[in-house]
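Student: I would like to take a close look at one part of this model, namely the enclosed space inside the protein. Could you walk me through it in one connected answer?

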Number of protein chains: 2
Amino acid sequence: MSPTLKDVSRLAGVSTATVSRFINGSHQLSEGTALRVQRAIDELGFRPNSLGRSLKTASSKSIGVVIPTLSNPVFAEAVSGITAVASDSDYSIMVTATEYSQDQELKVVNSLLDRQVDGLILTVTNANNSPALDMLEAESVPYVLIYNQATLNNRPVVTIDNVVAGREVAFRLEELGHQHFAMLSGNLHSSDRAAARYQGFVQGLAELGFDAPLIQEIEFSQPNTSAAIRELFADPLQRPTALFCSNDLFAIAAIGALRELGLKVPEDVSVVGFDGITVGSLVQPKLTTVVQPSTEMGAVAAKELINTICGEAPQSPLVLPHKVREGESTGPAGKHEPVALQEPNPTKFFPKETL
Amino acid sequence: MSPTLKDVSRLAGVSTATVSRFINGSHQLSEGTALRVQRAIDELGFRPNSLGRSLKTASSKSIGVVIPTLSNPVFAEAVSGITAVASDSDYSIMVTATEYSQDQELKVVNSLLDRQVDGLILTVTNANNSPALDMLEAESVPYVLIYNQATLNNRPVVTIDNVVAGREVAFRLEELGHQHFAMLSGNLHSSDRAAARYQGFVQGLAELGFDAPLIQEIEFSQPNTSAAIRELFADPLQRPTALFCSNDLFAIAAIGALRELGLKVPEDVSVVGFDGITVGSLVQPKLTTVVQPSTEMGAVAAKELINTICGEAPQSPLVLPHKVREGESTGPAGKHEPVALQEPNPTKFFPKETL
DNA sequence: TTGTGTCATGTAAACGATTACATAGTGAAA
DNA sequence: TTTCACTATGTAATCGTTTACATGACACAA
């Protein structure tokens, strides 16, 4: 067994209280005692048991993180931001992924509460209707949402404005001369973000005088991107020239699927992603996308949460700025002449450099 | 304050022992008592405090995970595998990233031990020389390595054979007719995996009668891929036609950098990655790569660790199978006629007319 | 001298659970 | 009836800390 406070106190010839004071940096210790305690600690290799401490102080110094998945780097990035801030304040984090399932949300939140986390940072399916959040409210456990669309009921959240971003995408694509739009989105009811982005896109298009775009929803977990793309681009007379994807992973997959159909990006179809994950700017063509400040979002949320845990009033909702990063996957609308699908393209174009 | 066992026992009119027995599913309870206890629990919304339990049982039911970074999806995947197995056995995980720093390794391991994790799963810089591992051995805390190259001193590890894999890449490229090889690798002393892959590559090439390849090492955290690639492909007479990258992220970036130099993949240069991350098969061209069973690796490691925690003897080292996934980033060696490199940044060069 | 304030330290009661041991009640075997 | 085995439950110690309160020593002022 590892040595305890008691062992140390015995060896140093003092009481446990004195050792505890030493560990916690009380300056009410005589030099001699401090020295003896330090020696005893070193000799035994004593390491304070944080369970005992947490039990007594009723603070575990740990925070739970609940995200849809670690497979999407956008969430991994946020976790990095959280970790950085948390470990500065000596908090540990417990990460769990829900794979976009509401049942899982409730389960993991329960499990984290059992574990006595001091607070949670989470991205839920739908911030306006979430049993998990209701439970947190009921038990008045501090929490902060990230990524979720800022909600009506004023829940603490650090996010961007997905609706505005979606709208901007519409305007940007229209500027490039596009007139036929489509959206490839994760299940709208599995993600309030996706829904908000779609809503903004529709709204923007409406303002510009266009009908709602074609939309295909795919599963987050097992997305059948090829099928969805084939569906969207099936009708040669109504073929979109601009495709907005609800996240970068989908966008990258979509570009591949379009290529398989013999459609070139951006010559035949412009593609816009969402998130701004790192690989997006590594792939060819470089992805045009709406960049979220993921690391910052995580960091800010962690600060917010820790403040709340410490009893300060939360500042949120906090809306961070996003920006559109121009890549090579978008370009001016072509003449939109129907191209037969599946046909190999003999001529090779290089993507136009954006200025 | 949330209700405790005592509150429940009081409300149910029984002793705390009885409530505890009920919670832990002892079958020595009369039906009537069980019912009353259940009602009391429901009425109070009682949630057992796992700190108290852990303190008493000396088992926190949590495991620490230490990986270089969450930014590389390969590690995120492993974490998913770990999570799945862990939560099945009711373990929570605490994830920390070291950003490839040995100092950080020691720090986070210390912090996790303070937190009384029952064991750890980690990927360290160098499994043969790791203060963090030494500390774990010294305190005889159960742990399992993943990704790390199986070590001489027989540490518990679940991994693939990086040397063999590197060798296979050499053979595969030679089969395609390549004769000039290069390697783009993360800092060899920051990653025993990278070192092993390089070693295998060199070994394979030697067996085939080739000299050691050109190599450029880059930082994991702030990799300057473009510069490294420019360096490797600078000499028109010695220009490689085959490039092996120590991970997929580097490979994807390398393909972009090559393109900026006016070199086409796979026509001018074949590129092979390592890891088998999902995006690798989404990008264009699809990446040829050595696929590690990351999720499985995490899962197996978690099982191993939990077994060890439960007192069973570990099975490791365990070497899982890898496989080479043929993509579109490799092809037969071209005629290898020197192509003038394109200046990546056109604004730096004055047009010929002005010279 | 006595009183008072400060300082360094000790004593012991928590925190919320688990569990060895004790006990009382029951029914059946002797 | 006594005894025994069992079952259902209670009592109380314990896990490793923290911390309110108590204590004793000392210095200094009155």
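Student: How many cavities of 30 Å³ or more does the structure hold?

Tutor: In this predicted model, the structure holds 7 cavities of 30 Å³ or more, and the largest cavity contains about 180 Å³ of space. The helices that each give two or more residues to the lining of that largest cavity are helix H4 (50-57) of chain A and helix H4 (50-57) of chain B. The lining consists of 14 residues, and those nearest the centre of the cavity are A:Leu51 and A:Arg115 from chain A, together with B:Leu51, B:Ser62 and B:Arg115 from chain B. Sorted by class, the residues of this lining are 4 nonpolar, 8 polar and 2 charged.

To place these residues along chain A, it helps to turn to the domain assignment, which divides that chain into domain 1 (5-55), domain 2 (62-160 + 294-321) and domain 3 (162-292). By these bounds A:Leu51 belongs to domain 1, whereas A:Arg115 belongs to domain 2. The centres of domain 1 and domain 3 of chain A, taken over C-alpha atoms, are separated by 61 Å.

As for the cysteines, A:Cys245 is buried, because its relative accessible area is 0%, under the 20% limit, and B:Cys245 is likewise buried, with a relative accessible area of 0%. Over all chains, the structure holds 0 disulfides.

Technical notes: Residues numbered from 1 in each chain as written. Chains lettered and ligands numbered in written order. Predicted model: local features only at pLDDT ≥ 70, side-chain atom pairs only at ≥ 80, totals over all residues. Heavy atoms only, no water. Disulfide = S-S within 2.5 Å. Buried < 20%, exposed > 50% of the residue type's maximum accessible area, 1.4 Å probe, protein only. 1 Å grid on protein atoms, 1.4 Å probe; cavity = no way out; pocket = protein on both sides within 12 Å on 5 of 7 lines; lining within 4 Å. Points joined across faces, edges and corners; volume = space filled by probe spheres on them. Helix = DSSP H or I, 4+ residues; strand = E, 2+ residues; numbered from the N terminus. Nonpolar A, V, L, I, M, F, W, Y, C, P; charged D, E, K, R; others polar. Domains from an automatic or database assignment.
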